[in-house]
Each structure stands twice: as structure tokens, then as C-alpha cells.
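Q: Please take a close look at one strand and describe how it pairs with its neighbours.

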Amino acid sequence: MKHLITCIALMLSAQTLADTIIVQSTTSTQNSGLYDYLLPIQEKDTGVEVHVVAVGTGQAIKNAMHCDGDVLLVHAKPAEEKFVTEGYGDYRRDLMYNDFVIIGPETDPANVGGAQNVIEALERIKQSGAKFASRGDDSGTHKKERSLWQAAGIDPDTGSGQWYLETGSGMGATLNTGVTLSAYVLTDRATWITFANKQDATILYEGDASLFNQYGIIPVNADKCPSVNQEAAKTFAQWLVSETGQAAIGAYQVDGKQLFFPNAN
Amino acid sequence: MDALSEAFRLIITLDADLFEILLLSIRVSLIALAISAIIGLPLGSWLAISKFPGRKFCILLLNALMGMPPVVVGLIVYLLLSRSGPLGWLGLLYTPSAMIIAQAVLITPIIAALSNQVIENLHQEYRDTFYSMGITGRRAVVAYLVDARYALTTCILAGFGRAIAEVGAVIIVGGNIDHLTRVMTTAIALETSKGNLTLALGLGAVLLSLSLLVNALVIGVREYAAKRQYA
């Protein structure tokens, strides 16, 4: 028992440095390598050490509501605004954007490549009997996908397990499944560009205005969550929307392609 | 084959990041194992030799807990350690300590249940001798554990195997944070989700090599000690 207490005391002593914060964020931003590039620059400028927990947007918001994060950096504007209105967040700022694309097998059996808009692309997938792999995890991408099905007047749940496959997993895992099953997948562009297991899948539909993907940043409210490292959280959030931070986001490239476009308001 | 050569390359070059991740894996699993052994071994031994109503049920429960899904353990520990949970004030969520706690919860039943089985067999044999020598209670627990130490290494290795290979619990309570709570298994999950399947498999091979090394080491020491004892 004594050993146990000593062990626990030792473990506890290594805790909580003054300028360390936890950012609840999304898999898309982490998998794209943005944080690996951005955080060292940020830390050099501000001295704030940032630890990123990358989960789906839905889970990130829930974790932040449990006060298990100092800053929220996700992509589901309505849910983010609700988070702030309910008092969990101090404020919300637009941070950067990119877009969603529909990927699928090169042969494009549903011919979504010839669709006039994203609604038509989804209708074609449904009618062709091709498979569609969905995140099914309440993430930002999933919320976007569901809103598009709704706009198309299609209820994909009726085909759940047949042509509509809900993986309940992150973007990367869903892409792995989708690529293997020659299914169509709605993904953010950054994750797709950096995804290494593309096989014969490729971007088949892109460019519709409703595929816009906005990321926002929210410092968690210290009144709701007294454990929040408020000062460091605000420093970090302000750096990201500052000229330096925005320029750094815009400068990040993979294979010569810019992944995120800064648009702080 | 690609994965094997990737694993080989990883081991040969052993860059600082991989070393850090490997070290954290070992550290977390070993501390969790130590805690579990300190609790699990005496518990298993005591349950084997004591008599009280409900003892059989306790053993049954321990055996059932061996099959506890890591994700469930992760979730329970998350809810306990979350800032809004009962132990939130400790500030342990998303730290290696949280991972150690989750793994200890996961493997204590394994060590207790397996050691219970070992000691129970021994108890059949020695019960009368120990009784006539007046060795009972706590002294008996210790005597059995010392006597069965070689057989118990297998229980401990089983616990270590479960801890080092586990991903479901540590990814929830640790958060897979780079340079803080990323371990081998969560790194493998991350690389898989990035589609870097060869790298992921290579990391898996490295983890397997580590497990092999630890097992060889423990079994080697056990054989050596046993030989010396009976020589």
C-alpha cells in the first residue's frame, strides 16, 4: 500500500505546468499534419505549450463541456455557436476554411463526376446502388453529410448496412473502409490529400458552394470551467487569428498544395 | 514484407520520436503492472486460502472481469477523471498517470484471477502441512506467493501482455497527445487512420519485438533462478 501511495505521489508531482493547455480538436486537422507544423511556431512566439486531443467534432464539444479542454478548435458552426450561447465558450471566431469533396473509385459507377451540384451527386449515388461510407460518429464531417442528404430529400438510414455504411469511426478509418469497398465517401480535402492509402480512389466531385468547410476557435469559459487555463488559452486563440498565425496557417502545404485557408474575421 | 523491412528500418534508425513513444509504452505498462501485482497477487492468494461466504462469487467475478473490454474501462476511468467527474480535481486526465490507472484497473483482475488458480492448486497440496506448522492468515498468503513465485511469473507476463498491447482504454484517457501520452498502440491507430499502413504494421512489429524481448528476459531469469535453486 505504501508503494502504491508513493507511486501515485510521484506521478502527481509531474503534473500541470503553468503554460500548458489542452486543445480539443478534430482528426482532420491532426491527420493533415497541420499541428505538427503550426504548434512549434506558435510555442516559440507565445511560450504556450499546446496538447492536442484529436477526436470527432461531436466528441470534442462534449469533452469541452466536461471541462476537459481549454480551447475548442472544430468545424461545425451551428454546434459551436450553441456551445457559446450555452455559456461553455467565451466567444467564437472563424479561423480558417477548406472544403469537402466526394471521393470514390476511378470508374465512378454512379457518374457523380457529371453531376451539376452536390445534391445531384448524392441522388446519383443513391440511384446507382453504389455504396456510400459515412462517418456515422456525429463529427463535423458527419453533420455536414447528414445536412446534404437532408437537402437532397433522401433518408439514407433506410439503406443502412446495405448501401449506406456507417463506420462510426474517424475520417481516416472511414476512408480505409470506403476505399476497400469501392464506396463513395464525403471527406474534407486536407485529410484526403494527406491520406496515404488511396488505392484507385480519387476526387470525383468538388466545388459546390455548400461543401464549404469552416473551422472555428473557441476558448472555454472559465466561469463554467474553473480549471481552465484562461490566460494561456486566450493567448493561443489570439495568436491563431493574429496576422502571424493566419500567415502561418496559409503557408502550410502538403505536396505543394495549400490545405487550409485562413479567414479570421 | 514491406512491413518487415519498415520495422527493421524503424529499429535500426530508432529516431528520437519513436524512442520516446516506445519508452512511454514500457513505462506506463510497467508501473501499471507493478500496481496490479501489488494488489492482485495478495488478493488472488488470499482468496485461494480463505474461507468466507461469497468467496466463490468473488472468484467468479474476478474471472469475469478478466474479459472486461478496454474501451469500457477507458470510459469509466474517463468519467471518473474528467474535470466534471468525482476525481476531476486531481487534474489527471490526458496524462500518463491516467493511462496507468486505466491499465491497472484492466490487468489487476487478470493477475488476481490467474494467481488465484495457481495458489489454489498449491493449497490443495500444502494445506495440512501449513496448518500443522501454524502458518495461517497473512503469513500463509506470503508463504504461498514465495513458494509459487516461478509459476506466478506467467500470471505477471499475461498482465504485461495485456497492458502493452492495449489501445482502447489508453486512447480515451490519454488522448493520444504527441510527446505526452502517445504510446505504441495509439501511434499504430493514428498511422492506420492516416492510411500509412506499412508504417503502422512496422510499428506493430516493433511492439511485438519488445514483447518478445520482455518475455524472453523474464523466462530466462526464471529458468536460471530455478536451476540454481535445485542445483
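A: In strand β9 of chain A, A:Asn213 is the bridge partner of A:Asn98. A:Asn98 belongs to the pairing of β4(A) (residues 93-105) with β9(A) (residues 212-219), which is antiparallel and has six bridges. Helices (H or I, at least four residues) and strands (E, at least two) are DSSP runs, numbered from the N terminus, and two strands pair if DSSP finds at least two bridges between them. This is a predicted model, in which local features need pLDDT of at least 70 and side-chain atom pairs count only at pLDDT 80 or more, while totals for chains, interfaces and linings use all residues. Residues are numbered from 1 along each chain as its sequence is written, and chains are lettered from A and ligands numbered from 1 in the order in which they are written.

β4(A) has further partners. With strand β12 of chain A (residues 261-262) β4(A) runs antiparallel, joined by two bridges; here A:Tyr97 is opposite A:Phe261. Strand β7 of chain A (residues 184-188) is antiparallel to β4(A) over four bridges, with A:Val101 opposite A:Thr187. Strand β8 of chain A (residues 201-205) is also joined to β4(A) by four bridges and runs antiparallel; A:Thr202 is the bridge partner of A:Gly104.

A:Val101 also appears in a nonpolar core of 29 residues, whose members include A:Ala133, A:Tyr164 and A:Val185. Such a core is a set of buried Ala, Val, Leu, Ile, Met, Phe, Trp, Tyr and Cys residues joined through C-beta atoms within 7 Å; buried means that 20 or more other C-beta atoms lie within 10 Å of the residue's own, with C-beta atoms placed from the backbone.

Technical notes
Buried ≥ 20, exposed ≤ 12 C-beta atoms within 10 Å, placed from the backbone.
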